[in-house]
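User: I'd like a close look at one part of this model, namely any empty space enclosed by the protein and whatever surrounds it. Please take me through it step by step, and bring in the neighbouring parts where they help.

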Amino acid sequence: MDDPITRDTTVDALERRLRDAIIDGRHPVGALLPPERELAASYGVNRTTLKHAFVRLMQAGLVETRHGVGTRVRDFWRLGTAELLPSLVRRDAAWLGEIFEVRRQVGTLIGGLAARRATARDVAALRQQVAAVRAGGVGDQVQLADAEFHRALARATGNRVYLLMTNTLLGGYLPVRQALAGPFQDAAAAADRLHPVAEAVAAGDEDAARRAVEAYMTGTEALMRAPDGRVS
C-alpha cells in the first residue's frame, strides 16, 4: 500500500503521484487504472478526492474516464499537454535543455514582431516591468516580475497565439523556478539584461530586438545552468 497522503495537500499530492506513476510507466498506455474504490484506498484518500485528481489528469491529457468502463491511460506523447512539462523536467534535466531551445527560438521571433507592432501602451508596460524587476528585492519576486516582462513582450506582438505559447513555456519553467534562480539574485543586473529588449522594442528596431532577446536568453540560460548561478 502506498504511503497515506496528508490532508492539507491531498488533491495536489494525489494528482502528482498518479501523474508520476503514469509517466514512469507503472500504469501503461491503454491500461485501465484500478477501480476507484481500490485506488482511493491504496492512497488513503476518499473517492471524491480521487475524482478531483482525475479531472486534472484528464485536462493534462493523461487519462480518460468513461462511465461503466473506468479510467484509461492515454498516450500522453500524442495527446498530452504542456501541463506535463514540470513533471518531465523534475524527472529528466534534458527536458530543461529542450525548453531553453524553444525559449530562444520563440523568444527572438516574439522580440522582432513586438518591435514592429508595439503600441505606446505596450512600450510603457515593458518599461514598467523592467522597473518592477529592478525593485523586486528578493530573488523570487525578481523572477516572477521577469516572467511578467515576457508576457508583456508577447502581448506587444498583437498575436494572441504567441502569448499562449509564452504562457506554455512559463508553465514548464515557473513550477521549478527555485532551481533556476541564478539570474535573479541581483535585481539590478536582471533589470539591466531586460532593458535593451524594452528599448529596442520602443525604437521599433526589429533586428536590435531580436539580438537583445537572443543575448538575454543566452545569458540567463548560462546563469541557470551554472551550479552557483554565476558564469565564470
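Analyst: Happy to! One cut-off comes first: a residue is buried under 20% relative accessible area, exposed over 50%, and partly exposed in between. At 24% relative accessibility, E206 therefore counts as partly exposed. Please keep in mind that this is a predicted model.

E206 makes a handy starting point, since this residue is found in helix α11, and α11 (206-225) is one of the helices that supply at least two residues of the cavity lining we are heading for. Setting aside neighbours within four places in sequence, E206 is in contact with G112, A115 and R116. The C-alpha atoms of E206 and R116 are separated by 6.2 Å, although the two residues are 90 residues apart along the chain. R116 falls within the range of α6 (94-117), another contributor to that lining.

Before going inside, here is the frame. The chain has 11 helices and 2 strands, and from the N terminus on the elements run α-α-α-β-β-α-α-α-α-α-α-α-α. The C-alpha trace spans about 60 × 35 × 30 Å along its principal axes. Of the 232 residues, 46% count as buried. Among contacts between residues at least 6 apart in sequence, 66% join residues at least 24 apart. As for the outside, the accessible surface comes to about 12,300 Å², and carbon and sulfur atoms account for 52% of that area.

Now to the enclosed space. Rolling a probe the size of a water molecule over the atoms shows where empty space is left. The count comes to 1 cavity of 30 Å³ or more, and the volume of the largest cavity is about 260 Å³. Its lining is made up of 20 residues, and those closest to the centre are R103, H150, L169, L170 and M217. Four helices, α6 (94-117), α8 (139-155), α9 (160-173) and α11 (206-225), each supply at least two lining residues. The largest share, 7 residues, comes from α6. By class, the lining divides into 15 nonpolar, 3 polar and 2 charged residues.

One of those four helices, α8, also leads to a neighbour. Q129 lies in helix α7 (residues 120-134). Not counting residues up to four places away in sequence, Q129 touches A145, E148 and F149, and these positions fall within the α8 range of 139-155. Q129 counts as buried because its relative accessibility is 17%, under the 20% limit.

Helix α6, in turn, takes us to the aromatic rings. The structure holds 2 aromatic pairs. In one of them, the ring centres of F76 and W77 are 5.1 Å apart and the planes meet at 40 degrees, so this pair is tilted. The two partners differ in accessibility: F76 is buried at 8% relative accessible area, whereas W77 is exposed at 61%. W77 also pairs with W95, this time in a stacked arrangement, with 5.8 Å from centre to centre and 10 degrees between the planes. Since W77 lies in helix α4 (residues 76-79) and W95 in helix α6, the stacked pair ties together parts that are 18 residues apart in sequence. Ring pairs thus link F76, W77 and W95 into a cluster.

Finally, helix α9 lets us set the enclosed cavity beside an open site. The largest pocket has a volume of about 190 Å³. Around this pocket sit D12, E15, R16, R19, R56, A82, E83, P86, S87, R90, T168 and G171. At least two of its lining residues come from each of α1 (10-23), α5 (85-91) and α9, with α1 giving the largest share, 4 residues. The pocket lining has 2 nonpolar, 3 polar and 7 charged residues, while the cavity lining has 15 nonpolar, 3 polar and 2 charged ones. Helix α9 contributes at least two residues to the lining of the cavity and at least two to the lining of the pocket.

Methods: Residues numbered from 1 in each chain as written. Predicted model: local features only at pLDDT ≥ 70, side-chain atom pairs only at ≥ 80, totals over all residues. Heavy atoms only, no water. 1 Å grid on protein atoms, 1.4 Å probe; cavity = no way out; pocket = protein on both sides within 12 Å on 5 of 7 lines; lining within 4 Å. Points joined across faces, edges and corners; volume = space filled by probe spheres on them. Nonpolar A, V, L, I, M, F, W, Y, C, P; charged D, E, K, R; others polar. Phe/Tyr/Trp six-rings, centres within 6.5 Å; stacked < 30°, edge-to-face > 60°. Buried < 20%, exposed > 50% of the residue type's maximum accessible area, 1.4 Å probe, protein only. Contact = heavy atoms within 4.5 Å. Areas by Shrake-Rupley, 256 points an atom, 1.4 Å probe, with all protein chains shown as cover.
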